[in-house]
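Open the model in your viewer and keep the sequence panel in sight. This tour goes from one selection to the next and says what is there.

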Amino acid sequence: MARKTKPIRSDIAWSTPDRIEVHGKSLPDELLGHINLGDMAFLQILGRMPTPPESKLFNAVAVTLVEHGITPSALAARLTYAGAPESLQAAVAAGLCGLGSVFVGSTEGTAKMLYEALPPGTQGADLEKTAREVVAGFRARGAIVPGLGHPLHKPVDPRAPRLFQIAAENGFSGDYIKLEQLICAEAERLSGKMLPVNATGAIGAICCELGLPWKIVRGIGVLARAIGLVGHILEESNNPMAVEIWQRVEEEATAHIRPGG
């Protein structure tokens, strides 16, 4: 029996020899010189231009994730570039491969957690009760609540309150942000530890306020961190550290088995 074919369809973009349209807008005439990179990302993801408040908040979220120092993703990019300097894109890809449940990707985990606890359109929910149920569920599974705690930024991750402030200033301080803050308080109460809402937790909550699907929230971190990694690779090309890191780790890691070690 012949397979029934499925229509192949995309609503994103099309082009002819003299025209390029993206989500119904002329790239040369309506987008180039008129919108910034964050707004273009918003348009590409949601298929519409952001409102001014959405633009300010979405761009703040993206800027937050561009850079955070010599992180594992930056190290992976630098080390890959040291081995394959002819392939900048491979070095960026190597760094992006490490964006998961621990680094950057916890934005997705937070958004998924909040949407499951508070489905879109829910009104009048008992947020304190919901927060208790969420934390209890994670503890029962022996799982870590995403978006909480940071190895360096204690007792406050300075990015989170600033993001929440920007959200409030632009009319997006709703139940998802409140629930995230209540989950933080409940997790700290039960654990007896400082578990501040970190940047990815704040971003996950804000993405829910913006109505972004949880399954693409990690993508915002990917697009932002790619920019940061390009910066690290340029610095690596001008002032290398990767070979020194490799040699130093090699020497220290094997010092105990070397003669005289």
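Start with the largest nonpolar core of this predicted model. This core has 43 residues. Select L114, I183 and I206, the residues with the most contacts inside the core. Then colour the elements that give two or more residues to the core: α2 (37-46), α3 (52-64), α6, α7, α8 (159-169), α9, α10 and α11. Which element gives the largest share? It is α10, with 7 residues.

Now stay on L114 and show what surrounds this residue. Leaving aside neighbours within four places in sequence, L114 is in contact with Y176, L179, E180, I183, G204, A205 and C208. One of these, I183, is also among the residues with the most contacts inside the core. Before leaving the interior, select A91, V92, L229 and I233. They are included in a second core of 8 residues, separate from the one above.

**Helix α6**

Select residues 106-117, which make up helix α6. The helix has 12 residues, and the distance from its first C-alpha to its last is 16 Å, close to the 16 Å expected at 1.5 Å a residue. Which residues of α6 are buried? They are S106, T107, E108, T110, A111, M113, L114 and Y115. To see what they pack against, add α7 (127-141), α9 (175-191), α10 (199-210) and α11 (214-238) to the selection.

**T200 in helix α10**

Move to T200, which lies in helix α10. Is T200 buried or exposed? The relative accessible area of T200 is 10%, and the cut-off for buried is under 20%, so T200 counts as buried. Show the side chains of T200 and N198: they make a polar contact at 2.7 Å. Not counting residues up to four places away in sequence, T200 touches V104, S106, T107, T110 and G147. Of these, S106, T107 and T110 are among the buried residues of α6.

**The strands**

Next, select the sheet. Its 3 strands form an open sheet in the order β1-β2-β3, with antiparallel pairing. β1 (13-16) and β3 (25-26) are at the edges and have a single partner strand each, so one side of each has no neighbour in the sheet.

Look at β1 and β2 together. They pair in the antiparallel sense over 4 bridges and form a hairpin with 2 residues between them. Select T16 to find R19 of β2 opposite; select W14 to find E21 of β2 opposite.

Then take β2 (residues 19-22) with β3, an antiparallel pair joined over 2 bridges. Here the bridge partner of V22 is K25 in β3, while E21 stands opposite S26 in β3. E21 therefore has W14 across from it in one direction and S26 of β3 in the other. β2 and β3 also form a hairpin with 2 residues between them, and H23 in the turn has a positive phi of about 50°.

**The cysteines**

Select the cysteines. How many disulfides are there? The count comes to 0 disulfides. C184, for example, is in no disulfide: the nearest cysteine sulfur is that of C208, 16 Å away. Compare C184 with C97 on the surface display. C184 has a relative accessibility of 9% and counts as buried, whereas C97, at 70%, counts as exposed.

**The whole chain**

Finally, zoom out and select everything. The chain holds 12 helices and 3 strands. Its C-alpha trace spans about 70 × 60 × 55 Å along the principal axes. Of the 261 residues of the chain, 40% count as buried. Among contacts between residues at least 6 apart in sequence, 73% join residues at least 24 apart.

How values were computed. Residues numbered from 1 in each chain as written. Predicted model: local features only at pLDDT ≥ 70, side-chain atom pairs only at ≥ 80, totals over all residues. Heavy atoms only, no water. Disulfide = S-S within 2.5 Å. Buried < 20%, exposed > 50% of the residue type's maximum accessible area, 1.4 Å probe, protein only. Expected span 1.5 Å × (residues − 1). Contact = heavy atoms within 4.5 Å. Pairing = 2+ DSSP bridges. Core = buried A, V, L, I, M, F, W, Y, C linked by side-chain atoms within 4.5 Å. Polar contact = N/O pair within 3.5 Å; in protein donor to acceptor, adjacent residues only side chain to side chain.
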